[in-house]
Amino acid sequence: MKTEVPFACNMDVFSREQREDHVRVITQLIKAMQNVREIQNGYEFVFPNESQYITGIAEFVANERLCCPFLEFGLNVKSD
């Protein structure tokens, strides 16, 4: 049986330094974003197919799951 996850963000999970780092990663990703579109169950964000962005996205997802556990993420990396 799946446990209900509250629909609420909890930014208290981060120390001040962790939160600043999380915001830095988000800012870098937003600047690099190539496209965003609404899909059936959420949104699709397109980034350059480069290792630094793949790593940044993974870091973002790992941290975002701590403060907003109700969100679901998927990552699709295409070959060159």
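Mentor: Let's start with a yardstick: a residue is buried under 20% relative accessible area, exposed over 50% and partly exposed in between, using a 1.4 Å probe and protein chains only. This is a predicted model, where local features need pLDDT of at least 70, side-chain atom pairs count only at pLDDT 80 or more, and totals for chains, interfaces and linings use all residues. Residues are numbered from 1 along each chain as its sequence is written, and side-chain values use heavy atoms, with hydrogens and water left out.

Trainee: Why is S79 called exposed?

Mentor: Its relative accessible area is 70%, and the cut-off for exposed is over 50%, so S79 is exposed.

Trainee: And what makes F73 partly exposed?

Mentor: F73 has 36% relative accessibility. That falls between the limits of 20% and 50%, so F73 counts as partly exposed.

Trainee: Why is the pair of F60 and F73 called edge-to-face?

Mentor: Rings of Phe, Tyr and Trp (its six-membered ring) pair if their centres lie within 6.5 Å; planes under 30 degrees apart are stacked, over 60 edge-to-face, and the rest tilted. Here the centres are 5.9 Å apart and the planes stand at 90°, so the pair is edge-to-face. A search of the whole structure finds one aromatic pair.

Trainee: What does this pair tie together?

Mentor: F60 lies in helix α2 (residues 51–67) and F73 in the segment after α2, so the pair ties together parts 13 residues apart in sequence. Helices here are DSSP runs of H or I with at least four residues, strands are runs of E with at least two, and both are numbered from the N terminus.

Trainee: How do you know that the span of α1 agrees with expectation?

Mentor: The expected span is 1.5 Å times one less than the number of residues. For the 17 residues of α1 that gives 24 Å, and the end C-alpha atoms are 25 Å apart, which agrees.

Trainee: Which residues of α1 are buried, and how do you know that they share a side?

Mentor: H22, V25, L29 and A32 are buried. They cover an arc of only 90° around the axis, taken from the directions from the helix axis to the C-beta atoms, so they sit on the same side of α1. An α-helix has 3.6 residues a turn, so residues three or four places apart point the same way. The face of α1 turned away from the buried side carries the exposed residues R16, E17, I30 and K31.
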